[in-house]
Amino acid sequence: MDTQMITAEKPLMDQARPRKPAPFLPMSRAEMNALGWDACDIVLVTGDAYVDHPSFGMAIIGRLLEAQGFRVGIIAQPDWHSAEPFKALGKPRVFFGVTGGNMDSMVNRYTADRRIRSDDAYTAGGEGGKRPDRCTIVYAQRCREAFKDTPIVLGGIEASLRRIAHYDYWSDKVRRSVLADAKADLLLYGNAERAVVEVAHRLAAGEAPRELDDIRGVALFRKVPDEYTELHADDLESADEGASRQKGLTVIRLPALEQVEQDKEAYARASRVLHRESNPGNARPLVQRHGDRDLWLNPPPIPLTTEEMDAVYDLPYARAPHPSYGDARIPAWEMIKFSVTIMRGCFGGCTFCSITEHEGRIIQNRSEGSILREIERIRDKTPGFTGVISDIGGPTANMYRMACKDPKVEAACRRPSCVFPEICPNLNTSHDDLIRLYRKVRETKGIKKVMVASGVRYDLAVESPEYIKELVTHHVGGYLKIAPEHTERGPLDKMMKPGIGAYNKFKRMFDEAAERAGKKYYLIPYFIAAHPGTTDEDMMNLALWLKKNRYRADQVQTFLPSPMATATAMYHTGVNPLRGVRHGGSDKVEAIKGLRQRRLHKAFLRYHDPDNWPLLREALIEMGRRDLIGSQPHQLVPAHQPPGTGKAAGTKRPMRPGGKTQRFTTKGLRVMK
């Protein structure tokens, strides 16, 4: 590896300095006084309400730093119109840590159609508008106004996915790295436990932020050292893309900010190289010019070991919202308070998803003992628990303890997915550890039911009939959400998703297992409209598949170009970064940008809604498919528009076995009528 200048990884808790934990990390001077603190070492500023639970990133970072001996305070959802709220806990002695929260603030605030959402699941009372747009930038600027000389460290998913020059869907332009706009000192990307511990100790010891350029997962502005050789991925006339391996210290130069602003192929090239250099085992540093400065990204963090994951989840969380919220309901907390995270990461590589860019594709697992201890804490300490664990999973339900069979192969691999275009033969797909875990959880005293609400990766599940049997017999509550996303090969290839045949195989196995168990269970498939590479004909064929299978979507998911996702690069550039990118040699992708076409693709998913019939009739006529207009079973929409409020009076909904209409939402939240 060309990472000789990166420091060796220390065990996560190697520098821990145990101290009596605070009941909650303080959010006020009064709480600090009660703890006997005259000042905080670190103040964490977050766009979410403060819930002291390991499903909330700021709670993890706060408790982890507390375990390292630091006095940590929280400023949650401050009024950003002045710097005064950012002075509430006084000047931190070491640094300000700033995050947008568990979601990117723009994704949280706006729909795929750029409409403002009225609610916010991470706010007390579910109230919208409690954080500014691009809140990481705003919060960092206010921290700088409050205490000019205090170092500012950015982290969380908003910063992580905006660490280089990136396309911003909401402004429809390329923005520079959030580190530049926020005027912060450092940016920590990915799961940043290792990095934040190292940064905290070294800043506390007197080092300057610019000296922390040897820590994995760190981005900062610095000059390229003389001892490094630059590999020029910014040369769009070359097919090399900076991929060649050379001896000695190397850094890959991405196309510059100004270049990716003006040249869409340059943007696609930068996206391709960034994703290629994402394996901690072989990734090299990246550098991107921003005006007269170089933005430097060190290789990604080394994944946590099982022992380190256990240490993180065993920290003394209060497992509740901060008392200052009183009885106000925080929807995100209500949703997860009886659920358990068993792993991190995803090796699926779906191009529309940003999990891989943030958590990585190497699965990080907790031990059975740690998981069982958390379940016992839920049972004993969480008010309202009735014996039902609402979910046991992670980014996916069934990647627990799956990994490459050969660590050397894993360290050298540059594939963006372990399961596309087919499952890699080097991947261990055994579900045995997960089945054993499920059984031990069910045997825990006081546990009546354990649900699996995380999405099941069905192309992996079909490799284990025993897992499907276990899932159906014990862990499904009538419906199981699953994500084929589409039926047609064109969009599926751009998504890096398996063909619909894998879904059909899983459905057969699922139905057979349900019949053997004497259960009436149903799959809830959900789909994406307007994904790059999707034609109108693709959506028409999907709609015909839905009708044939008697599915009706109550809500539909339209593709939302989130920062840094591969599909977002396709959307913005019209170029496919899954293949080589160079001037005159790039693979083109059709992007669905026009409002009418995006509405049409959504309408195909809701073919049964009379409000969509005029648009669908017009489109079918333009496509030369008048044969699909009529009332026959093989036809998609009726020829006549019913009068009244838009409800199809007198028409019958498609029926599922048993005589009841099947309805579902593509977001996995069932609605039955």
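This is a short chat about the sheets, one buried residue and the open and closed spaces of a predicted model.

Trainee: What should I know before I start?
Mentor: This is a predicted model, where local features need pLDDT of at least 70, side-chain atom pairs count only at pLDDT 80 or more, and totals for chains, interfaces and linings use all residues. Residues are numbered from 1 along each chain as its sequence is written, and side-chain values use heavy atoms, with hydrogens and water left out.

Trainee: Which strands form the open sheet with mixed pairing, and in what order?
Mentor: That sheet has 10 strands, in the order β3-β1-β4-β5-β8-β9-β13-β12-β11-β10. Strands (E, at least two residues) and helices (H or I, at least four residues) are DSSP runs, numbered from the N terminus. Two strands pair if DSSP finds at least two bridges between them.

Trainee: Which are the edge strands there?
Mentor: β3 (72–76) and β10 (229–232), each pairing on one side only. Neighbouring strands of this sheet are turned by 25° against each other on average, direction ignored. For angles, axes are lines fitted to C-alpha atoms, for helices over the stretch in contact, and the range is 0 to 180 degrees between N-to-C directions.

Trainee: Which helix packs on that sheet?
Mentor: Helix α4 (residues 135–146) does, touching β1 (42–46), β4 (95–99) and β5 (152–154). Its direction makes about 160° with that of β4. Contact means heavy atoms within 4.5 Å.

Trainee: How do β11 and β12 pair?
Mentor: β11 (residues 250–253) and β12 (residues 286–290) pair in the parallel sense over 2 bridges. Ile-252 has Leu-286 of β12 as its bridge partner.

Trainee: And what order do the strands take in the sheet of 3 strands?
Mentor: β21-β22-β23, an open sheet with parallel pairing. β21 (479–485) and β23 (557–558) each have a single partner strand, so one side of each is left without a neighbour in the sheet.

Trainee: How many bridges join β21 to β22?
Mentor: There are 5, and β22 covers residues 522–529. Ile-482 has Pro-525 in β22 as its bridge partner.

Trainee: New topic. Is Gln-635 buried or exposed?
Mentor: Buried, with a relative accessible area of 9%. The cut-offs are under 20% for buried and over 50% for exposed, with partly exposed in between (1.4 Å probe, protein chains only). Gln-635 lies in the segment after α23 (613–622).

Trainee: What does the side chain of Gln-635 reach?
Mentor: The backbone nitrogen of Ser-631, at 3.0 Å. A polar atom of the Gln-635 side chain also lies 3.1 Å from the backbone oxygen of Asp-627.

Trainee: Which residues does Gln-635 touch, leaving out those up to four places away in sequence?
Mentor: Lys-547, Asp-627, Leu-628, Ile-629 and Gly-630.

Trainee: On to empty space. What volume has the second largest pocket?
Mentor: About 730 Å³. Of its 45 lining residues, the closest to its centre are Leu-274, His-275, Ser-278, Asn-279 and Thr-356. On a 1 Å grid over the protein atoms alone, a pocket is an open set with protein on both sides within 12 Å along at least five of seven lines, a cavity is a set of points where a 1.4 Å probe fits but cannot get out, and lining residues have an atom within 4 Å of a point. Grid points are joined across faces, edges and corners, and a volume is the space filled by probe spheres set on the points.

Trainee: Which helix gives the most to the lining of that pocket?
Mentor: α9, with 5 residues. α9 (264–276) and α12 (355–359) each supply at least two.

Trainee: How many cavities of 30 Å³ or more are there?
Mentor: The count comes to 4. About 90 Å³ of space lies in the second largest cavity. Of its 14 lining residues, the closest to its centre are Ile-164, Ala-165, Tyr-267, Ser-271 and Met-564.

Trainee: Where does the largest share of that cavity's lining come from?
Mentor: From α9, with 5 residues. α21 (566–573) supplies at least two.

Key: Polar contact = N/O pair within 3.5 Å; in protein donor to acceptor, adjacent residues only side chain to side chain.
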